Amino acid sequence: MKLTKLEHAALIVEVAGRKLYIDPGSYTTALTDTARADAIVITHEHPDHWTPEQLERIIAFSPDVRIFGPAGVVAAASGYPVEVVHDGDTVTVGEFALRFFGRTHAVIHSSIPVIDNVGVLVNDRLYYAGDSFTVPAGVDVDTLAVPAGAPWLKISEVIDYVLAVKPRRTFPTHEMLLSRAGKDLSNLRITAATERVDGEFFALEPNESLDL
């Protein structure tokens, strides 16, 4: 299984020549080479995690692709055949076994409504929680996508999240709002937290890959 990190929160997972896209949004360069896609997971409705244009780029070359998201995504992307998924659901699509965890986006501020959000565990190896710190109960996480910067987090929460999940490997995601100095600082903190649980940190940059 090959993981490729794109800009911001977008990921591609590839198994046996088939692809799974996760959260291709507005801060991610226009997708290309989108053939052979089995599924798209959209963790929540915010545009930095999906746009119609990114979905169209995938559908154009993979018209049978299945799209999954929580109820908020189904409503926001009403022109697309999004299948609703909830905390505890399991779906198998082609080469990908998907397990979903969590219900809500992390709180940004009391004045901002809390929306739906689901995290996804891919083939029992890769876990990505979207915009949340949901810990997948009963799962030994091999590789964890760790949010590095956002209006809804502070670095102490990121550290506590890594310590709670105890993954074998980590890499940063959700970081387009950070400067180079900010990314370097977040990477240092995530590295330290990962090493405290005997894991290994990979400072992936956009378009870099990791074999899982």
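Which residue forms a salt bridge with Arg99, and how far apart are the closest N and O atoms? I would like to start there, keeping in mind throughout that what we have in front of us is a predicted model. The partner is Asp124, and the closest N and O atoms of the two side chains are 3.6 Å apart. Arg99 sits in strand S8, while Asp124 belongs to the loop between strand S9, residues 119-122, and strand S10, so the pair ties together parts of the chain that are 25 residues apart in sequence. As for its surroundings, Arg99 has a relative accessible area of 30%, and therefore counts as partly exposed.

Let me stay with the charged side chains for a moment. Side chains of opposite charge can pair when their charged atoms come close. In this model the count comes to 13 salt bridges, and I will take two further examples.

One of them joins Lys19 to Asp33, with the closest N and O atoms 3.5 Å apart. Because Lys19 is in strand S3 and Asp33 is in the loop between S3 and S4, this pair ties together parts that are 14 residues apart in sequence. The two partners sit in contrasting settings, since Lys19 is buried, with a relative accessible area of 4%, whereas Asp33, at 54% relative accessibility, counts as exposed.

The other example is the salt bridge in which the side chains of Arg180 and Glu205 meet, at 3.0 Å from N to O. Here too distant parts of the chain are linked, with Arg180 in helix H4, residues 180-196, and Glu205 in the loop between strand S13, residues 200-201, and strand S14, residues 209-211, the two residues being 25 apart. Arg180 counts as partly exposed at 42% relative accessibility, and Glu205 likewise counts as partly exposed, at 21%. Neither residue should be viewed in isolation, for Arg180 and Glu205 belong to a network of salt bridges that also links Lys5, Glu175, Lys183 and Asp184.

I turn now to the aromatic side chains, and to strand S8 once more. A pair of aromatic rings is described by the distance of the centres and the angle of the planes. The count for this model comes to four aromatic pairs. In the pair of Phe68 and Phe100, the ring centres are 6.4 Å apart and the planes stand at 45°, so the pair is classed as tilted. Phe68 lies in strand S5, residues 66-69, and Phe100 in strand S8, residues 96-101, which means that the pair ties together parts 32 residues apart in sequence. Both Phe68 and Phe100 are buried.

Phe101 forms an aromatic pair with Tyr127, and this one is edge-to-face, with 5.9 Å from centre to centre and 85° between the planes. Phe101 is in strand S8 and Tyr127 in strand S10, residues 126-128, so that distant parts of the chain, 26 residues apart, are linked by the pair. Phe101 and Tyr127 are both buried. Elsewhere, ring pairs link Phe133, Trp152 and Tyr161 into a cluster.

Tyr161 brings me to the empty spaces, since Tyr161 is also one of the residues that line the largest cavity, among them Tyr128, Ser132, Pro147, Thr173 and His174. About 40 Å³ of space lies in this cavity, and the structure holds one cavity of 30 Å³ or more. As for open spaces, the largest pocket has a volume of about 220 Å³. Thirteen residues line this pocket, and those nearest its centre are Leu6, Ile12, Leu31, Thr32 and Asn207. Strand S2, residues 11-15, and strand S3 are the elements that give two or more residues to its lining.

Finally, a word on the surface. Tyr27, Met176 and Leu177 make a nonpolar surface patch of about 290 Å². Within that patch, Tyr27 comes from the loop between strand S3, residues 18-22, and strand S4, residues 37-41, and at 38% relative accessibility Tyr27 counts as partly exposed. Glu157, for its part, is found in helix H3, residues 155-165, and counts as partly exposed at 30% relative accessibility. From Glu157 to Ser26 the separation is 131 residues in sequence and 25 Å in space, C-alpha to C-alpha.

Definitions and conventions:
Residues numbered from 1 in each chain as written. Predicted model: local features only at pLDDT ≥ 70, side-chain atom pairs only at ≥ 80, totals over all residues. Heavy atoms only, no water. Patch = residues over 30% accessible without salt bridge, like charges linked within 9 Å, V, L, I, M, F, W, Y side chains within 5 Å. Areas by Shrake-Rupley, 256 points an atom, 1.4 Å probe, with all protein chains shown as cover. Salt bridge = Lys/Arg side-chain N within 4 Å of Asp/Glu carboxyl O. Helix = DSSP H or I, 4+ residues; strand = E, 2+ residues; numbered from the N terminus. Buried < 20%, exposed > 50% of the residue type's maximum accessible area, 1.4 Å probe, protein only. Phe/Tyr/Trp six-rings, centres within 6.5 Å; stacked < 30°, edge-to-face > 60°. 1 Å grid on protein atoms, 1.4 Å probe; cavity = no way out; pocket = protein on both sides within 12 Å on 5 of 7 lines; lining within 4 Å. Points joined across faces, edges and corners; volume = space filled by probe spheres on them.
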